Structures are given as C-alpha cells and as structure tokens.
Amino acid sequence: ADMAAFVQDTGTDGLQHLVDADGSLWSRFRVVSQPSFAFVAPDGSVETFAGALGEEQLRTRAATLAAR
C-alpha cells in the first residue's frame, strides 16, 4: 500500500519499482543512498546513479542503454 501511494504521489508509474526489504538488490547494484537508479541494458550491463534525476535525464539514460 505504501509503494502504491508513493507511485501515485510521484507520478512514477512508468518506472519499475521494487521493494528491497532485505537489502539484497542494494548490495548487488552497490546502491549506497536514495534516490538511486540502476539501469539495466538489454545486454545485461548495469549503470547505477545515486541522486535525483529529472524527466529528461531519465529519458536520455534509458534511451542510451536501450540502444546498446
């Protein structure tokens, strides 16, 4: 319920949201703070970014990874 409220409040329903209750995803992608993003390209490579990203920055990063 909390995640659904967050998604609705932030208008981020176009992104995949995950609840990492045990911290295993944070560890796997070396996330050390929030907000953080882990962009996974079709080839399996991962790019992480710690900090806030605006709409245009998100679109640019996603398009770059999708083109790989």
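These legends accompany close-up views of a predicted model. Local features need pLDDT of at least 70 and side-chain atom pairs count only at pLDDT 80 or more, while totals for chains, interfaces and linings use all residues. Residues are numbered from 1 along each chain as its sequence is written, and side-chain values use heavy atoms, with hydrogens and water left out.

**View A. The largest nonpolar core.** Here we meet Phe 37, Phe 39, Ala 41, Leu 53, Leu 58 and Leu 65, the 6 residues of this core. A nonpolar core is a set of buried Ala, Val, Leu, Ile, Met, Phe, Trp, Tyr and Cys residues joined through side-chain atoms within 4.5 Å; buried means under 20% relative accessible area, exposed over 50% and partly exposed in between (1.4 Å probe, protein chains only). Strand E1 (36-40) and helix H3 (55-66) each give two or more residues to the core. Helices (H or I, at least four residues) and strands (E, at least two) are DSSP runs, numbered from the N terminus.

**View B. A salt bridge between helix H3 and strand E2.** Arg 61 pairs with Glu 47, their closest N and O atoms being 2.2 Å apart. A salt bridge puts a side-chain nitrogen of Lys or Arg within 4 Å of a carboxyl oxygen of Asp or Glu. Arg 61 sits in helix H3 and Glu 47 in strand E2 (residues 46-50), so the pair ties together parts 14 residues apart in sequence. Arg 61 is partly exposed at 24%, and Glu 47 is partly exposed at 25%.

**View C. A salt bridge within helix H3.** Arg 59 and Glu 55 lie 4 residues apart, about one turn of the helix, with closest N and O atoms 2.8 Å apart. Arg 59 is exposed at 52% relative accessibility, as is Glu 55 at 54%.
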